Amino acid sequence: MTVTVSPAAESAVLAGEPELPDILPPVKQRRGITGFIYRHPAIAIGGAMLSLLILMAIFAPLLGTTDPAALAPSKRTRPPSAEYWFGSDMMGRDIYSRVIYGARVSLIVGFAVAIIASLAGLVIGLVSGFVRWADSIIMRIMDGMMSIPPILLAVALMALTRGSVPNVIAAIAIAEFPRVARLVRGVVLSLREQPYVEAAVAAGTRTPMIIIRHILPNTIAPLTVQATYICASAMITESILSFIGAGTPPIIPSWGNIMADGRALWQVKPFIVFFPAIFLSITVLAVNLLGDGLRDAVDPRMAKRL
Amino acid sequence: MDRRNFLKSSLSVGALAASGGLAAPAIAQGAAKTLKFVPQANLANFDPIWGTQYVVRNASVLVWDTLYGVDSKLEPQRQMVEGEEVSSDGLTWTFKLRSGLKFHDGEPVLAKDVVASLKRWCPRDPMGQMIKAIEKELVAVDDKTVKWVLSKPFPKMKFALGKNNTPIAFIMPERIAKTDPFKQITEYVGSGPMKFAQKEWVPGAKAVFEKFADYQPRSETADWLAGGKVILLDRIEWVIMPDPATASAALQGGEVDWWETPIPDLIPILKRNRNIKVDIADPLGNVGSFRLNHMHPPFNNVKARRAVQMALNQEDYMRAVVGSDDSLWQLLPSFFTPGTPYYTDVGGDILKGPRNLEAAKKLLAESGYSGQPVTCLVAQDQAPLKAMGEVTADLLKKLGMTVDFVATDWGTVGQRRASKSPPGQGGWGMFHTWHAGADCATPAAYNALRGNGDSAWFGWPNSPNTEKEITSWFEAKNAEEEKAAMGRINKAAMDDVIYIPTGFYKGFQAWRSNVSGVVGGPIPFFWNVKKA
Amino acid sequence: MLGFIARRIVATIPVMGIVALFVFSLLYIAPGDPAVVIAGDQATPQDVERIRVSLGLDRPFLERFGEWSWRILHGDLGTSMFTGMPVTQLIGQRLEPTLSLMVLTLILSIVVAVPIGVLAAWKAGSWIDRGVMGFAVFGFSVPVFVVGYVLAYVFALELEWFPVQGYTPLSEGLWLWFENLVLPAIALGCVYIALIARITRASMLEVLQQDYIRTARAKGLGQRPILFLHALKNAAVPIVTVIGIGMALLIGGAVVTESVFAIPGLGRLTIDAILRRDYPVIQGIVLLFSFVYVLVNLIVDLVYTLLDPRIRY
């Protein structure tokens, strides 16, 4: 029973270092991109899909599309063919073009709602967390707003005005920001008790600096994760609003619109609903994956919680 | 019987038998006498004088009866009336009611009920308003006789009382007819062949009608609103389904029996089904309408209106509305219904032939159009209107006009079109609607054709020429003169662009093959309909 | 304990008050004039004014709000502007279908999601786990109506196992009632199942790492008692929380599902009322749904105390 000694170990021993036996193979630490993908598959896949979709939306005119609003009623409801890659809808418009351009609306709605709701929620959550007398009032109002199911709230808000992309964004953002406010407030409250924050207060640092230096960095992570979920939820809510008829105007192609238009014909011409449904599902899936991945990366403890 | 129904019925029968309930044959019979009908729209309110929607009228003909009723040739025939007398100077009309007419609550129909009902109907109906304007007296002479004295002759009286255009002159009990014509009634009692089961009404979902055992149908065969309205069903359920895909699937599965307005794209699949029959719903079809606002720019200038007329391609509109079946539509260079005796297309050349976009743009420029947005009210919940709205947005853009597209629901369109404000302040520039062919056969009940400015239908066209020619039609003494007058009316209305017809189209209705007696017409007629 | 319940109930009053104010003012500032709609096409301005006064639309905001709140507290939700029927009656007609759908979906979702979440946690890291989580993410991503249409096409039209649409009241037979609700419940439940499965898995994972589980295993307890007796009970709090919060999703999704499957429930009533601007109905329904949501969360809080003796208020 001899223990073979490698030349490297030999020289190490000769150099005076303790030599560890080779009972475990060295752990291969993959570096670079592949390493990243291996460690965070969700972020990688989700991010890649989302980036592709964003590129598709930006470069829509270059992807073999025609004018998405161009009517040709004599060529309506044609199945997919060489001329109409995804078929044509009830007004003879090219579904492929509408789906590609529709990505713009859905992505814009998703991101805009996520950003607006996050910012609004951040501000309100910060105020609520720091200004004690305002806290219970604000939280009661937030509770009240959260008690109204978001879809009903969004539809009711849309009923007040006419359908347009900014209105849809505003309606959905209003329905979503209370949850963000709650989240931020929770973080602020827990952070306020931390020793380093108390120390900063004792040292005389003014509140804005405390917020910027200590609170904000710690809210960014959960906020970002929440924002991705809001983005996904907003895209689905937009499609439901369009389905009900309370969403973006039909002139502007959005995936929800295209599906709403084609819903009467799903039995005979399923391709009208099918293609936007696939794209919407893939996009929402990508955003959800991204959110999951971010959450796992940001807080491994939270990874097990949700 | 397919597997599901077999399972269902055996379970239900088993359960009932186990509970010692009704005998099996009775159940089977009961089910066979209920007809499930999918109407064109929701029955939200049910006052046919107050609400002028077609669906309200269609439901109302089951519950209320009328003094006269038009047949399939649009000739008024006696219905509740046993006989009428007109004085030799044409100024006094005396109507005698049939005997044995009863209301659903058991009370007999009396002349005072008729008087009250007519008084409620007149302010809401254009022909009724014309009669009221020349009315000297409307009284109940005795329990069965009504006298109407006028200051000028009104030869179209029977037609006015028996027409099928809304609002129909329904006869209600006096206490209900006393309701303000601008408020809804809350009790739905009539003398029609069916009773309304108010307790089972779920607005937006279901409305139920039950056979009225004491109804006395006339002896003549039923023909539209004329003749004996014999009911061969015990119960009719109106099931409201806003989603056409669901309605189509329900019809295919036998869960409903008759669908009033299947959308054209789903017709092929219904035709292929061996258990479903499909036919034209109304031979008198529909006239699509591009209604312009004559009160405000840009369409207050006749040149701008003519520019749209020049550029408008009826084929695009019709294809968008009815799809690929060419037998369902035709070009309409006229305001009147093709296939009717007085149809004319005199003066409608501007809508015929290849479209001239360049000339239209030039004409638009001449009208002084300088880029004001045209507010288009487009109802999304009515498939033909939604389709027409999108074609219009495209058309106006091609003409170089700025489009302010307001996508909303039919109820809101109904509300906004009443506004006389300028477009920037809640007003409107154009909206789409359609008129049943039955309403467009002659100028008699054709509100949308009038050009009397502020008192006209929405859009308030001001066309003295059209008004003059319409008056000449009312004063025509024979068929020759009427026909000539119609030609003149058409030309005048086309020249002043009262509105722009977008084409003439027909729709289908579909029903299960075990249902017989379904006829085509402007109203779904339930008399003589049987379910095997 | 009773004190806690009383305090929680009192705490919901200001919340409901805010909801009421919000809902009321929302529609007060809406554009469009209901009096014009009601008066109809042929009305003169005098007629419109008459209708306006009779509806009380000419009185100041606070007075109308006060009167409205007072009536609400007495159970009078007003009268629908379009049908003339009392709102409580309209809601009552439509309550059973929606309630049935939601209860069935709730039961279905819990029965399906909790076991697969437990399974995924038990076999964490394996392909079962990844499969379940993958399916869960899918459940979030596909819109409810698409799932509904696909289910209707496959199971109702093609296979003819279930009816395509409609609702049969419970009084007409248990099986009939059930078969009308199966497809809608599955469609509606997809999102809910995804949510509950994920949280179950996450919560179970956390619990399974605890020391007392390790002790139980060391003691020789079998897998099933560990999972269900010890782990699940302790993991239950977040699961119950999510069930409560997810009610909002259910309510929102019910609206769409009722449209697709032609179920005459509250969801469709809401949509119709909103599109028609039938204010009393909209107000009544939003209040009702919010109240239900608040109630459900109250129950959830109470259930906490049953599940976790450490949680005492």
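Aromatic pairs number 41 over all chains in a search of the whole structure, which is a predicted model. One of them joins W266(A) and Y153(C). Its geometry is edge-to-face, with 5.7 Å centre to centre and 75° between the planes. This pair crosses between chains. On the chain A side, W266(A) sits in the loop between α10 (255–262) and α11 (271–298). On the chain C side, Y153(C) belongs to helix α7 (residues 144–158). W266(A) has a relative accessible area of 8%, so this residue counts as buried. Y153(C) is partly exposed, because its relative accessible area is 32%.

A further pair lies within chain B, formed by F37(B) and W238(B). The rings are tilted, at 5.1 Å centre to centre and 55° between the planes. Distant parts of the chain are linked here: the two residues are 201 residues apart. F37(B) lies in strand β1 (residues 34–38). W238(B) lies in strand β12 (residues 235–239). F37(B) is buried, with 0% relative accessibility. W238(B) is buried as well, at 0% relative accessibility.

Both residues also belong to a cluster in chain B that is linked by ring pairs. Its members include F46(B), W64(B), F170(B) and Y188(B). F196(B), W201(B) and F209(B) are also among them, as are W258(B) and F526(B).

Charged side chains over rings were examined next. R263(A) lies over the face of F243(A), 4.0 Å from the ring centre. In chain B, K156(B) lies over the face of W473(B), at 4.6 Å from the ring centre.

Methods. Residues are numbered from 1 along each chain as its sequence is written. Chains are lettered from A and ligands numbered from 1 in the order in which they are written. This is a predicted model: local features need pLDDT of at least 70, side-chain atom pairs count only at pLDDT 80 or more; totals for chains, interfaces and linings use all residues. Side-chain values use heavy atoms; hydrogens and water are left out. Rings of Phe, Tyr and Trp (its six-membered ring) pair if their centres lie within 6.5 Å; planes under 30 degrees apart count as stacked, over 60 as edge-to-face and the rest as tilted. Helices (H or I, at least four residues) and strands (E, at least two) are DSSP runs, numbered from the N terminus. Buried means under 20% relative accessible area, exposed over 50%, partly exposed in between (1.4 Å probe, protein chains only). A charge sits over a ring if NZ of Lys or CZ of Arg is within 6 Å of the ring centre and within 35 degrees of the ring normal.
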